[in-house]
Amino acid sequence: RPSYTYGWGLLNAERAAQVLLNTDGRHLLEEIQLTEGQRITRQVVADGKGPLLVTISWTDPEATPTAITSRNVNNRSPKLINDLDLILSEGFGTFLPWTLDPATPEAPAKPGNNSRDNVEQVYIANPIQGRTYTISVSHKASLKNGQQPFTLLVSGVQPPRCDVAQSLTPNGDTTLCTASSIRLQVDAGTNLTYEWLYNGATLQRGTERSIVVTQPGTYAVRVSGPGCSMLSKTVSVRAA
């Protein structure tokens with residue numbers, strides 16, 4: 001937890017690199033833009049192998065400097081312009097980010113409503129394995145410039161399941177009637193990329209979990225994510 005003495009502590013460069021590489025798929029790193037009045041939500045599943053950490057950070061617009069006078073020595077007025085709010089929820093439980101009280105700087109940080117910092121972190125020491133947690137990011141008052149980009153970083157989540165490629169439907173050869181179409185789709189998966197193949201060549205690559213086909217041929221999908229990749233079996237679409 002943060003403190004007035006040590007801030008967020010020393011950077012562990014090795015662990016930071018592991019988060020960025022995300023070879024085991026246990027992290028989520030996303031650049032997001034929050035717009036005026038918007039609430040952004042994400043759902044993650046805890047792997048239960050360690051703490052669940054959810055952090056947001058942003059570059060806040062410049063504030064008006066406080067005049068240098070004897071009355072303003074140790075002025076504690078918050079200078080945060082765009083005040084983003086991070087909340088983590090699960091069932092009926094709500095988890096808030098760390099806060100520090102400048103009136104009692106020696107007191108340890110505790111969860112609460114943070115209105116001073118442009119870094120907020122929610123820490124759950126013992127999350128329930130397989131339990132879904134909902135991340136919510138919103139803002140107080142109005143946003144200067146009507147928007148605020150921020151970074152979302154989550155650690156301690158279940159790796160993506162690339163085996164959703166095996167759930168391609170239709171899961172067998174099918175017939176395409178004249179002037180009609182067929183939708184191929186796979187079960188939803190988080191933090192995954194779907195590469196749709198037509199006769200062995202890439203037809204479409206992105207986050208779309210389904211595709212509408214109008215031409216006969218062979219189709220398949222390659223599902224990939226941090227630490228995994230899997231190719232579905234081929235579906236042959238014949239002309240009627």
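**Exercise 1.** Which handedness does the disulfide of cysteine 162 and cysteine 228 have?

*Solution.* The model is predicted, with local features needing pLDDT of at least 70 and side-chain atom pairs counting only at pLDDT 80 or more, while totals for chains, interfaces and linings use all residues. Residues are numbered from 1 along each chain as its sequence is written, and side-chain values use heavy atoms, without hydrogens and water.

Step 1. A disulfide is a pair of cysteine sulfur atoms within 2.5 Å. The sulfur atoms of cysteine 162 and cysteine 228 are 1.9 Å apart.

Step 2. The torsion about their S-S bond is about 60°, so the disulfide is right-handed.

**Exercise 2.** Find whether each of these two cysteines is buried, exposed or partly exposed.

*Solution.* Step 1. Buried means under 20% relative accessible area, exposed over 50%, and partly exposed in between (1.4 Å probe, protein chains only).

Step 2. Cysteine 162 has 4% relative accessibility, so this residue counts as buried. Cysteine 228 has 21%, so this residue counts as partly exposed.

**Exercise 3.** Give the order of the strands in the open sheet of 4 strands, and name those at its edges.

*Solution.* Step 1. Strands (E, at least two residues) are DSSP runs, numbered from the N terminus. Two strands pair if DSSP finds at least two bridges between them.

Step 2. The order is E2-E9-E4-E5, with antiparallel pairing.

Step 3. E2 and E5 (93-95) each have a single partner strand, so one side of each lacks a neighbour in the sheet.

Step 4. E4 and E5 are joined by 3 bridges; glycine 93 in E5 is the bridge partner of glutamate 90.
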